[in-house]
Amino acid sequence: MTITDWPRTAAEPDSETASPAAVSGTPTPVSRTADVVSETAEFVSETESGTGTKPSPARLTGSQKWTAGAIVAFALALAGIGLYLSFEHVAVFAHEELRFASLGKGQLFAVGVDVGIMVMIAVDLLMAWLKRPISWIRYPVWLLTAAAVVLNAASGAPKNRAWELLDYVAAGAHGVVPVLFIMVVELGRTAIDRVVRPDQAERDSIPWLRWVLAPVATARIFRRMRLWGVTSYPEMIRRDQELIAYEQWLKRKYDGDITEATEDELLPMRMAPYGYTVAQALAMPDEQEQAAAEREEDAERRRLDAETRSEIAKAESEAEKLRAKGKVELVQAEVDGQTGQARAHARAQVSAAERAAELEQKALDNAVVAEARAREAEAERREAEERRTAAAADLDAAQLERRAAQKRKEAAEADRVAAAEAQAIETQTIAEARKAAAEADRVAAETEKAAAETRRVAAEADRKKAEEERRQAAALADITRSQKEAAEAERAAAETRRAAAEIERRAVEAEDAAKLKPRERAVRKVARMILAAGGDADRLPLSHIQHELAVTSPGTASEYRQEAAELLAGGYRP
């Protein structure tokens, strides 16, 4: 039999009565119990007739309306009778005994008390009719009515003689009508509340016989019902019976000495005044440990999320840096390619211009040389002609013959020289043209080489861009892999925590079955902590033992650790 397997009581919970919101919604932490338990449920009708829980119909029939009107008329008549009976007595008593200066002022005092009572009663009934009842307003009405009853009774008290039985009867008779009127008002208020709010839950009343037979216990039950919003009397009785049965079970378990029970076992008795049931009180430690574990898991999850976000931010930052660097290198390569191409083109143009100028200069030089040679040949020819003319002056016939031959010879020579010169000029021009064509081919080859270099630079830039994209893809893959590894680690940690919780639960059940003492339980818990830390007792810090067992002394924690190590050495395994 475990802690929660205590005997059931004969009384069963009322299936038609819901548990109060403040109790059924008990929070997990103990430190917040007062805050939540003090928050009682929403407004519950204060009627306590106990005549039934079925709501009245929202609409009244004709006969019911006539009956209600008659009741109101009789209530007003009763109020008038009460005011009439108490007015004169209160006014005279206020003038004579309460030292009001005149009878008129005593009458004003009596009128003020009666009017105040009627006004507050009217407001109470009106707010109940508007479905916004004010629960506290009835208490001033009761107080003022009691004051009026006391004043009426005091006005009929005997003077200068002892009280007799008839005097007491007379004093009580003064309060009959006001009390009847207050009862009628309360009935009217309850009736209005049931009519305008037919679905409103009603609070069960405690039987008067219980008040007579067990006034102290009944007062305690009444207090708990009012404090914690329990509207069902059977539910409250069931809770009380469960608490008594559990206390008897603890006494049987510890041979009548309930002080030997653990703190957790005493929780139902300690938390009962705060509206907790036995089951809720026993479940508090597990709920608190679960909440603490959830808080630790949430903190660990937030830490891992923060680390993951930091790693992702770093990876994205590195990726942005690499992407920016790749763009800069790409732009630099494009600029270098365009600059090289422009320089090669400019060099080709300059080289072509220089070659053209050189060819033109050479052609000009060749033309000047040919013209000079022609002039020299013409000068020599003229000089020879003059010599021949002077030598042939004496010999006319021979000279004429010789001149003719000479002319034919000169003509042939001139033709030969002209042909040779023409052939020489034509050969040199062709050579120059071929040389210029070769130079142009060389310039074109250099231009093609510069273009190829530009294409190579662009290809290198494309390669770097592809390499940058590959590095970015690798970085994203690393991020995805790290996220997957983090999720896997979180899953493994959750599995480890679940296994540890299962081992702890089985160990607690075994300890409960063995009926171990608190110190033995603490030693076994430290032994399980040592196993969780790897089996070496020295690796378990004393601070962890102090935190888990709520001990302040390091010496006590050291003793627990030493005993746990000896227990493990003896073969203990949870």
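The following exercises, each with a worked solution, concern a predicted model of a single chain.

Residues are numbered from 1 along the chain as its sequence is written. In this predicted model, local features need pLDDT of at least 70, side-chain atom pairs count only at pLDDT 80 or more, totals for chains, interfaces and linings use all residues, and side-chain values use heavy atoms, with hydrogens and water left out.

**Exercise 1. State how many helices and strands the chain has, and what share of its residues is buried.**

Step 1. Helices (H or I, at least four residues) and strands (E, at least two) are DSSP runs, numbered from the N terminus. The chain has 16 helices and zero strands.

Step 2. Buried means under 20% relative accessible area, exposed over 50%, and partly exposed in between (1.4 Å probe, protein chains only). By this criterion, 26% of the 574 residues are buried.

**Exercise 2. Identify the helices that build the largest nonpolar core, and describe how helix 15 takes part.**

Step 1. A nonpolar core is a set of buried Ala, Val, Leu, Ile, Met, Phe, Trp, Tyr and Cys residues joined through side-chain atoms within 4.5 Å. The largest one has 17 residues, and those touching the most other members include Val-526, Leu-549 and Tyr-560.

Step 2. Two or more residues come from each of helix 14 (518-532), helix 15 (542-549) and helix 16 (554-569). Helix 14 supplies the largest share, six residues.

Step 3. In helix 15, the buried residues are Ile-545, Gln-546 and Leu-549. Down the helix axis they fall within an arc of 100° (taken from the directions from the axis to the C-beta atoms), so they line one face of helix 15. The cover over these residues includes helix 14 and helix 16.

Step 4. Contact means heavy atoms within 4.5 Å. Setting aside neighbours within four places in sequence, Leu-549 contacts Ala-522, Lys-525, Val-526 and Tyr-560.

**Exercise 3. Determine where the non-glycine residues Asp-255 and Ala-550, each with a positive phi, are located, and whether they are buried or exposed.**

Step 1. Asp-255 has a phi of about 55° and lies in the loop between helix 10 (233-253) and helix 11 (267-271). Its relative accessible area is 74%, so Asp-255 is exposed.

Step 2. Ala-550 has a phi of about 60° and belongs to the loop between helix 15 and helix 16. With 68% relative accessibility, Ala-550 is likewise exposed.

**Exercise 4. Analyse the salt bridges Asp-298 to Arg-301 and Arg-442 to Glu-439.**

Step 1. A salt bridge is a side-chain nitrogen of Lys or Arg within 4 Å of a carboxyl oxygen of Asp or Glu. The whole structure contains 22 of them.

Step 2. Asp-298 and Arg-301 meet at 2.8 Å, N to O. Because they are three residues apart in helix 12 (residues 278-391), about one helical turn separates them. Asp-298 is partly exposed at 32%, and Arg-301 is partly exposed at 34%.

Step 3. The closest N and O atoms of Arg-442 and Glu-439 are 2.2 Å apart. This pair is three residues apart in helix 13 (residues 396-514), again about one helical turn. Arg-442 is partly exposed at 35%, whereas Glu-439 is buried at 13%.

Step 4. The spacing can be read from helix geometry: an α-helix has 3.6 residues a turn, so residues three or four places apart point the same way.
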